[in-house]
Amino acid sequence: MVERYVMSIDQGTMSTRCILFDHQGRLVSVGQREHEQYFARPGWAEHDPTEIWSHLRRVVVPRALEGAGIRPEQIAAIGIANQRETTVVWDRRTGVPVGHAITWQDTRTSGYVEELRRTTGDDFFLERCGLSPTTYFSAPRLRWLFDHVDGLRERAERGEVLFGTMESWLIWNLTGGPDGGLHLTDATNASRTMLMNIRSLAWDDELLAYFDVPRAMLPEIRSSAECYGMARALLPDVPICAALGDQQAALFGQTCFAPGEAKCTYGTGSFLLVNTGTELVRSRHGLLTTVGYKVGDEPPVYALEGPIAVTGSLVQWFRDRLGLIHSAPEIETLARGVEDNGGCYIVPAFSGLFAPHWRSDARGVIVGLTSYITKGHLARAVLEATGWQTREVVDAVNADSPRPLRQLKVDGGMTSNNLLMQFLADVLDMPVVRPMVSETVSLGAAYAAGLASGYWPDLEGLRRNWHRAAQWMPTMDPARREAEYESWRRAVERSLGWARS
């Protein structure tokens, strides 16, 4: 019998990956390629969607197939995970984007967002889409494009251009592009646009009217796990059976299927999601209400989310901009050379603060500098910034949720840093657990596709594939924990109000 596999395509902020998984949820092979980051002006962050599609087609998928030594017909299903909120608009007839994709990190809409909050307030949006206006979401970017690209809105009204996040762009191209490509998204990605009604999971007429977005350009909203159609380009006749935003994919990959279970993914930024079941919980402490996942015709599972904009990218800044280390793993060695941070704190508000503050006027600060501080202390402060930002989000989760967190499942590149993981356990005062398969974003997309295609039978079967690789328990003295947390909060206060619109 010929062995079959599930393929996961993870279109991320820094790179695009293709990973093949077997029936035990084990990683079989990987293809990966980084893409260019465009920063044309301060606060702008863009990608070239044509470059990303080209990399997937010419490099990423072929490398994964070659690494496993298999043919396309051995792929049972394809699942796609993607960087969320990143906005792409392209020509329906030619498939050419109208410009670069505007990424989730971009803050060019800050003035418009401030106007929305001042004139309309948060409640109008929270009641409909579960989100407060911030630069993070897609609708303000789409409105910016209408205001700055001549004739774009009129073309959208006529159905000549299409809008989507990155999974929509890839699915459209995989299923034929200009020649009948499927234009769709899933409920997790649609819930990040500020255009979908969080209860009905349909495009909201009032929100479309408010942002002046023509319905003709929008993708069809589907479940996260269902077979959408067959790939035509690249992987002919292989079914595409799942799409999830990357952080919801990680929630699925960590098998957080019960209310109260939570995960945090540590990558460029970090994202903590806690399953709230079929109950839609409205946060009063700076978290986002979002769709966690939707399997087929079953009711949607909701989540509370605390996104943190800068964590792994702070280590990259320490390496590439300051030149204090040569590789990311070196930061742990450097930080272990000192006993503590020496009273130094770094608040990495490079483009504002996300949860639970939502302050686009914040900018990065380093406080507590004295002549005693060495680069070792700075290295420790870099790592501790991730721990303290996570603590702020966990405090908000515990304030909002009827089920306080008992442990935190973690994944992503930063979890290889044992000093950071122990610090997390210490400042959260709870166990921190890492699974055997750290690529949980890719695994979650694969699980959803395999579930929809019958490759895996049910959620319990997926749970049996989850195995613990490491666990860290808290050891920090409670008095020290709270004293240092108070110092962190004072540092955060000094980052606020710096930027002017």
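Me: How large a share of the contacts with a separation of 6 or more in the protein chain comes from residues 24 or more positions apart?

Reply: Contacts can be sorted by how far apart the two partners lie in sequence, and in this predicted model the residues 24 or more positions apart account for 72% of the protein chain's contacts with a separation of 6 or more.

Me: How many helices and strands does the protein chain have, and what does its radius of gyration say?

Reply: The protein chain holds 16 helices and 21 strands. Its radius of gyration is 22 Å, close to the 23 Å that the globule rule gives for 501 residues, so the protein chain is as compact as a globular protein of that length. Along the principal axes, the C-alpha trace spans about 65 × 60 × 45 Å.

Me: What share of the residues is buried, and what supplies the area that the chain exposes?

Reply: Burial is judged by relative accessible area, with under 20% counting as buried, and by that cut-off 62% of the 501 residues in the protein chain are buried. The chain exposes about 19100 Å², of which carbon and sulfur atoms supply 48%. As for charge, the mean positions of the 51 positive and 60 negative charges are 1 Å apart.

Me: Where is Cys18 placed, and is Cys18 buried or exposed?

Reply: Cys18 belongs to strand S2, which covers residues 15-21, and because its relative accessibility is 0%, Cys18 counts as buried. Beyond the neighbours within four places in sequence, Cys18 is in contact with Met7, Ser8, Ser29, Val30, Gly31, Val60, Val61 and Ala64. A separation can also be read both along the sequence and through space: Cys18 and Glu261 are 243 residues apart in sequence, and their C-alpha atoms are 27 Å apart.

Me: How many residues of helix H9 are buried, and which residue with a positive phi follows H9?

Reply: In helix H9, residues 246-253, eight of the eight residues are buried, so the helix is largely enclosed by the rest of the structure. The buried residues of H9 include Asp246, Gln247 and Gln248 as well as Leu251 and Phe252. H9 is followed by Thr255, whose phi is positive, near 50°.

Me: Which feature does UniProt place at residues 262-452, and how much helix and strand does the chain have there?

Reply: A record gives a label and a range, which can then be set beside the model; here the unreviewed UniProt entry places "domain: Carbohydrate kinase FGGY C-terminal" at residues 262-452. Over that range the chain is 34% helix and 21% strand, with the end C-alpha atoms 23 Å apart.

Methods. Residues are numbered from 1 along each chain as its sequence is written. This is a predicted model: local features need pLDDT of at least 70, side-chain atom pairs count only at pLDDT 80 or more; totals for chains, interfaces and linings use all residues. Side-chain values use heavy atoms; hydrogens and water are left out. UniProt positions are given in the numbering used here, feature names are shortened, and annotations may be inferred rather than shown by experiment. Helices (H or I, at least four residues) and strands (E, at least two) are DSSP runs, numbered from the N terminus. The radius of gyration is taken over C-alpha atoms; the globule rule is 2.2 Å times the number of residues to the power 0.38. Buried means under 20% relative accessible area, exposed over 50%, partly exposed in between (1.4 Å probe, protein chains only). Contact means heavy atoms within 4.5 Å. Accessible areas come from the Shrake-Rupley method with a 1.4 Å probe; for residues, only the protein chains shown count as cover. Lys and Arg count as positive and Asp and Glu as negative; His and the chain ends are not counted. The place of a charge is taken as NZ of Lys, CZ of Arg, CG of Asp or CD of Glu.
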